[in-house]
Amino acid sequence: MKLILLGKPGAGKGTQAKKIADYYNIPHISTGEMFRQAYAGKTELGVLAHDKYWGKGHLVPDDITLKLVEERLAKGDCKKGFILDGFPRTLVQAKALDKNNTIDHVLYIETPDSLCIQRIAGRRNCSQCAKDYNIYFNPPKKDTLCDTCNQQLVQRPDDKEDIVKQRIIVYENQTQPLIAYYQNNIVTVTDNGNDSPDKLFQKIKKALGK
Ligand code: AP5
C-alpha cells in the first residue's frame, strides 16, 4: 500500500505515520526526519537545509527534497509500499511523485490551527531517550527533566513560536493546494483534540476501510 499523509505542522502526521507503518508493515518515510538526521550528522546538506530553510520555517527547495525522496523510494523495502509523512509539500513535488508512483490513499488529518500551535510550541523531547512531552498537556513531573531518564528536555529548533507561525503560513500557501490536487483520492479524518493518538488511529483504519 502506498500512502501519503497530509496535514498542518503539528496535525499528528508523524504520530499516526508510525502506527500506520507498524500496522501495514510498510516503511515510514518522513522528509522532516531525514533533514533532522542529516543536520544531527553534520552533513553539508544537513547543515545547509537547517541554516537556510527548515530552521527558519521555510521549505527546503524542491530539487534537494526530490533527490532525497527519489533515492529513498528506490530502496528495496519500498517495493511493498510506503507511507510518506511530510512529502509532498508542493505541487511540484506531488507531480514528480505521480510520474513514477500510483498512490493508493491520500490521508488528510484536519486540525484547527490553535491545536497545532499548542502541540508543537509546547513540545519538548528528552535529549537522551527522545520521549515526547508537552508543557501544556503533558508536562514532566520535574520541571525540564525527563521522568524516565532524568535528562534535560530540549525543544526542536523549528518549534519556537514565531517559527511555528511561519510554518503554518508556508503550509497554507504551498501545501494546502494539494488537498484540491488530490480531491479524487483523499480521505479526511478530523482531529479536534478530543481523541488520543490510539483512538484517532482507529478512526484512520476505519476511514481507509481496513
Ligand atoms: P516535518 O518534520 O514534516 O514537520 P511538520 O509537519 O511541520 O510538523 P511536525 O512534525 O511537528 O508535525 P506532525 O504533523 O508530524 O505532528 P506530530 O505527530 O509530530 O518537517 C520539518 C521541516 O522540514 C519543514 O518545516 C520543512 O522546512 C522541512 N521539510 C520537511 N518535508 C519537506 C518537504 N517535503 N519539502 C520541503 N521541505 C520539507 O505531533 C506533534 C505533537 O503533538 C507531538 O508532541 C505529539 O506527541 C502530539 N500529538 C500528536 N497527536 C496527538 C493526539 N492525538 N493527542 C495529543 N497529542 C498528540
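In this predicted model, helix α6 has four buried residues to consider: L115, C116, I120 and A121. These buried residues pack against two other elements, the strand β5 (residues 123-126) and the helix α7 (residues 161-175). An α-helix has 3.6 residues a turn, so residues three or four places apart point the same way. Helix α6 itself spans residues 113-121, and it also contributes to the shell of residues around the ligand.

**The ligand and its surroundings**

The ligand is surrounded by 32 residues, and the closest of them are K13, T15, H58, R123 and D132. By character, this shell consists of nine nonpolar, eleven polar and twelve charged residues. Several polar atoms of the protein lie within a short list of distances from oxygen atoms of the ligand, as the table shows.

| Residue | Protein atom | Distance to a ligand oxygen atom |
|---|---|---|
| A11 | polar backbone atom | 3.2 Å |
| G14 | polar backbone atom | 2.8 Å |
| R167 | N or O atom in the side chain | 2.9 Å |

On its own, the ligand has 1,000 Å² of accessible area, and the protein covers 90% of this area. Three elements give two or more residues each to the shell: α1 (residues 13-24), α2 (residues 31-40) and α6 (residues 113-121). Which element provides the largest share of the shell? That element is α2, from which four residues come.

**The protein as a whole**

The protein contains nine helices and eight strands. Its C-alpha atoms fill a box of roughly 50 × 40 × 35 Å, taken along the principal axes. A compact globule of 210 residues would have a radius of gyration near 17 Å, and the value for this protein is 17 Å, which agrees with that expectation.

Of the 210 residues in the protein, 47% are buried. The accessible surface comes to about 11,000 Å², and carbon and sulfur atoms account for 49% of it. The contacts may also be sorted by separation along the sequence. Among contacts between residues at least 6 apart in sequence, 67% join residues at least 24 apart.

**Particular features of the backbone**

The peptide bond that joins F87 and P88 is cis, with an omega of about -5 degrees. P88 is placed in the loop between the strand β3 (residues 82-85) and the helix α5 (residues 91-100).

Two residues other than glycine deserve a separate description. The phi angle of N25 is positive, near 55 degrees. N25 belongs to the loop between α1 and the strand β2 (residues 28-30). Is N25 buried or exposed? The relative accessible area of N25 is 52%, and a residue counts as exposed when this value is over 50%, so N25 is exposed.

The phi angle of D143 is likewise positive, near 35 degrees. D143 is found in the loop between the strands β6 (residues 132-134) and β7 (residues 153-154). With a relative accessibility of 68%, D143 is over the 50% cut-off and therefore counts as exposed.

Key
Residues are numbered from 1 along each chain as its sequence is written. This is a predicted model: local features need pLDDT of at least 70, side-chain atom pairs count only at pLDDT 80 or more; totals for chains, interfaces and linings use all residues. Side-chain values use heavy atoms; hydrogens and water are left out. A residue is near a molecule or strand if one of its heavy atoms lies within 4 Å of it. A polar contact is a pair of N or O atoms within 3.5 Å; within protein, one must be able to donate a hydrogen and the other to accept it, and residues adjacent in sequence count only if both atoms are side-chain atoms. Accessible areas come from the Shrake-Rupley method with a 1.4 Å probe; for residues, only the protein chains shown count as cover. Ala, Val, Leu, Ile, Met, Phe, Trp, Tyr, Cys and Pro count as nonpolar, Asp, Glu, Lys and Arg as charged, and the others, Gly among them, as polar. The radius of gyration is taken over C-alpha atoms; the globule rule is 2.2 Å times the number of residues to the power 0.38. Buried means under 20% relative accessible area, exposed over 50%, partly exposed in between (1.4 Å probe, protein chains only). Contact means heavy atoms within 4.5 Å.
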